[in-house]
Amino acid sequence: MDVDLSEVDDLTAPPMAAPRRALTTPPDPPAAPVVAPRSHSERADAVAFEGPPQADAPLGPWGHEPVPTPRAPLDVARLLRPRTTATPMVQLFHVTKRYTREGRALDDLTLRIDKGEFVLITGPSGAGKTTLLKLIFAAERPSAGQLLVAGHAVHNLRRGSVPLLRRNIGVVFQDFRLLMDRTVYENVAFALEVLGRSAHEIRQRVPTVLRQVGLGDKLQVTPNRLSGGEQQRVAIARALVNEPPILLADEPTGNLDPALTHEIMALLNQANARGTTVLLATHDPQIIQRYKRRALHLVQGRLVRDAG
Ligand SMILES: Nc1ncnc2c1ncn2[C@@H]1O[C@H](COP(=O)(O)OP(=O)(O)OP(=O)(O)O)[C@@H](O)[C@H]1O
Ligand SMILES: [Mg+2]
């Protein structure tokens, strides 16, 4: 999944025009900005993190987000917790995405994913699977329609709120995207460092999550000395170390053999069992048949089947 900073900059654009047609099911509760700090301390946290932009700040592990200079700990769970327990984790209302005038990468998608679900996003190449994940991650904006994450409007998110949204979403890519000159421990620790977590928490949490993915004995190894499956497990540990409410995985087993695919699926299942909502884009028929999960099947940007 290429995440382009220029697209993120687009989030500063004025709010989009009204949706093309009336919503069949109105958002409940109504859309609101992702981050609406209420208390003084919440405001202080947001300011501490977003601060003034730094011209030469280094990019974060995914290359899309400058590493902020934290000045105060941030309770991200407080900032993007679902507005009520009944609030869906992800909701789309007539969402269309056009990259160009000609085609529609996503075409009038309306769907709902509840907290704790494990959903496969399936469909042939070019169907719009990655595009759907990018919209949820605010790497792209819908051309029309509304997209809510935990009840908060992502379709017209302020640019300053994008990093806060992303701190609540773990992302795993097909090509791992690890820092090859850092150790396994450092790769995972980095995800917490950019959130301003304390050294104490990092020392405790990183080995724990690496043990969970079966890499407790590889902490000081660099990724180039790991197998493909092990590298993907580091990427999953990095995505989960912050215990995000949502995990997006884009073809995470695309380069792996069936045994390693099974290992990775087991890890995603464990994360789901711990309460993380998982969205997994795949066109691997083995996964679709073997793991009986709800599957959203896309063809040419349209949702043609929602089964399971
Ligand atoms: N940045 C872009 N600019 C223009 N068109 C794009 C861009 N990204 C995707 N598209 C187009 O949008 C459509 C959906 O692409 P997307 O990457 O979401 O498909 P996909 O289902 O993830 O495919 P794959 O299985 O090959 O990864 C395709 O027609 C693709 O060519
Ligand atoms: Mg894709």
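The following paragraphs go through this predicted model from its overall make-up to its sheet, its helices and its ligand shell.

The protein has 308 residues, and 42% of them count as buried. Its secondary structure comprises 10 helices and 10 strands. Among contacts with a separation of 6 or more, 74% are between residues 24 or more positions apart.

Six of the strands form an open sheet with mixed pairing, in the order 6-7-8-3-9-10. Strand 6 (169-172) and strand 10 (302-307) are at the edges; each has a single partner strand, so one side of each lacks a neighbour in the sheet. From one strand to the next, the twist averages 15°. At the strand 10 edge, strand 9 (residues 294-299) and strand 10 run antiparallel and are joined by five bridges. Within this part of the sheet, Val-299 has Arg-302 of strand 10 as its bridge partner.

Two helices lie across strands of the sheet. Helix 8 (residues 228-240) lies across strand 6 and strand 7 (246-250), and runs at about 170° to strand 6. Helix 9 (residues 258-273) lies across strand 3 (118-122), strand 7 and strand 8 (277-281), at about 150° to strand 8.

Helix 4 (residues 129-136) has eight of its eight residues buried, so it is largely enclosed by the rest of the structure. These buried residues include Lys-129 and Lys-134 as well as Leu-132, Leu-133 and Leu-135. After helix 4 comes Ala-138, with a positive phi near 60°.

Thr-130 and Thr-131, also among the buried residues of helix 4, are among the closest residues to ligand 1, together with Tyr-99, Ala-105 and Ser-125. The shell around ligand 1 holds 13 residues: three nonpolar, nine polar and one charged.

Technical notes. Residues are numbered from 1 along each chain as its sequence is written. Chains are lettered from A and ligands numbered from 1 in the order in which they are written. This is a predicted model: local features need pLDDT of at least 70, side-chain atom pairs count only at pLDDT 80 or more; totals for chains, interfaces and linings use all residues. A residue is near a molecule or strand if its C-beta atom, placed from the backbone, lies within 6 Å of it. Ala, Val, Leu, Ile, Met, Phe, Trp, Tyr, Cys and Pro count as nonpolar, Asp, Glu, Lys and Arg as charged, and the others, Gly among them, as polar. Helices (H or I, at least four residues) and strands (E, at least two) are DSSP runs, numbered from the N terminus. A residue is buried if 20 or more other C-beta atoms lie within 10 Å of its own, exposed if 12 or fewer, and partly exposed in between; C-beta atoms are placed from the backbone. Two residues are in contact if their C-beta atoms, placed from the backbone, lie within 7 Å. Two strands pair if DSSP finds at least two bridges between them. Axes are lines fitted to C-alpha atoms, for helices over the stretch in contact, and angles run from 0 to 180 degrees between N-to-C directions.
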